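Please find below some notes on the model, set out as numbered points. They concern one arginine, a group of aromatic rings and the pairing of strands.

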Amino acid sequence: MTTILGIKLFERVTTAADFQKILSEYGCFIKTRIGLHSVSDGICAPNGIVLIEFIGNDETLAEFEKALNSLGKIEIQKMTFK
């Protein structure tokens, strides 16, 4: 099964370290990761969107989503392909 997760991370500057820990913990199930956020001279956007291609079973995906949701300040959208 392959699932594409669109994750909007609010207050990215304060939550990014914990977010990265979760991504590292589930790294063996993340095939692709793309980060999208606005930057310009000296300004880093407070919010960001990360696209994740997650490969794994339903149980592992549910655990991953639960870990992400524990951060708060996050929105997850997903597409699943069997």
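1. Leaving aside residues up to four places away in sequence, Arg12 touches His37, Cys44, Ala45, Pro46, Asn47 and Gly48 (contact: heavy atoms within 4.5 Å). The side chain of Arg12 also reaches the backbone oxygen of Ala45, at 3.1 Å. Arg12 belongs to helix H1 (residues 12-25); helices (H or I, at least four residues) and strands (E, at least two) are DSSP runs, numbered from the N terminus.

2. The model is predicted: local features need pLDDT of at least 70 and side-chain atom pairs pLDDT 80 or more, while totals for chains, interfaces and linings use all residues. Residues are numbered from 1 along each chain as its sequence is written, and side-chain values use heavy atoms, without hydrogens or water.

3. Arg12 is buried (under 20% relative accessible area, 1.4 Å probe, protein chains only). Arg12 nevertheless has no salt bridge (a side-chain nitrogen of Lys or Arg within 4 Å of a carboxyl oxygen of Asp or Glu); the nearest side chain of opposite charge, Glu11, is 12 Å away.

4. There are three aromatic pairs (ring centres of Phe, Tyr or Trp, the latter by its six-membered ring, within 6.5 Å). The ring centres of Phe54 and Phe64 lie 4.9 Å apart with planes at 15°, so this pair is stacked (planes under 30 degrees apart). Phe54 is in strand E5 (residues 48-55) and Phe64 in helix H2 (residues 58-69). Both Phe54 and Phe64 are buried.

5. Strand E1 (residues 2-9) runs antiparallel to E5, joined by eight bridges, and Leu9 stands opposite Gly48 (strands pair at no fewer than, that is at least, two DSSP bridges).

Conventions. Buried < 20%, exposed > 50% of the residue type's maximum accessible area, 1.4 Å probe, protein only. Lys, Arg positive; Asp, Glu negative; His and termini not counted. Polar contact = N/O pair within 3.5 Å; in protein donor to acceptor, adjacent residues only side chain to side chain. Phe/Tyr/Trp six-rings, centres within 6.5 Å; stacked < 30°, edge-to-face > 60°.
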